[in-house]
Amino acid sequence: MTEVKTQSDYTNMQIEYYDSNAHVMNIENHSVHNNNPDYWTLLLSPFCEGDWKDKKALDFGCGCGRNVISVLNTYDIGEMHGCDLSKNNISFCNTNLEKTDHTNYKFFVTDGKSVGEVEDNTYDAIISTIVMQHICVYDIRKSILNDMHRALSDDGILCIQMGYGDAH
């Protein structure tokens, strides 16, 4: 894996921005995206096929936990994890999931340039929605994608949704 060795000014700026705006994000938690049929038929489609009850998935850039809640509420999955570079978002994730009956989740903070300190071949699926377009530094985006590949099982699925254009 090509590693971005130092915390960049860019990732520091991202961490500061998302930590200071986590309370605003938690209010709506991007819930408007739940109404997009592509959210269910494309981004979350891996969970519609096969048996996931003994599998593990990761939501990269989980924000305040919307995707994790959607997956756990809709699909029978072994474990659903979420990671984010904002410790304040992760705090909201834990608070939001504690309001549910789910116990098969885990959240952790990343460094903004990887999926975090997880073993190789950990996840059967990694999803990420409206996150990667916010990472404009090529080396950081490449580092994240390489690390996603490392963290995926050999037959794992990677599904990324990015906004684009004037009406994304």
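**View 1. Strands S1 and S2 side by side in the predicted model.** Here's a close-up of strand S1, residues 56-60, next to strand S2, residues 79-84. The two run parallel and are joined by 5 bridges. To get your bearings, find Ala 57: its bridge partner in S2 is Met 80.

**View 2. From S2 across to S3.** S2 also pairs with S3, again in the parallel sense, over 5 bridges. A handy landmark here is Cys 83, whose bridge partner in S3 is Phe 108. To get from S2 to S3, the chain goes through helix H4, residues 87-98. That β-α-β crossover is right-handed.

**View 3. The whole sheet, strand by strand.** Zoom out a bit and you've got an open sheet of 5 strands, paired in parallel and ordered S3-S2-S1-S4-S5. Which strands sit at the edges? They're S3 (105-109) and S5 (152-161), and each of these pairs on one side only. Going from one strand to the next, the twist averages 20 degrees. If you're following side chains along a strand, keep in mind that in a regular strand they alternate between the two faces of the sheet.

**View 4. Helix H3 lying across four strands.** Take a look at H3, residues 66-74, which lies across S1, S2, S3 and strand S4 (123-129). Relative to S2, helix H3 runs at about 175 degrees.

**View 5. Helix H5 and the strands it lies across.** This one picks out H5, made up of residues 138-151. Which strands does H5 lie across? They're S1, S4 and S5, and the helix runs at about 140 degrees to S5.

How values were computed
Residues numbered from 1 in each chain as written. Predicted model: local features only at pLDDT ≥ 70, side-chain atom pairs only at ≥ 80, totals over all residues. Heavy atoms only, no water. Pairing = 2+ DSSP bridges. Axes fitted to C-alpha atoms, helices over the stretch in contact; angles between N-to-C directions. Contact = heavy atoms within 4.5 Å. Right-handed = clockwise from strand over helix to strand, strands pointing away.
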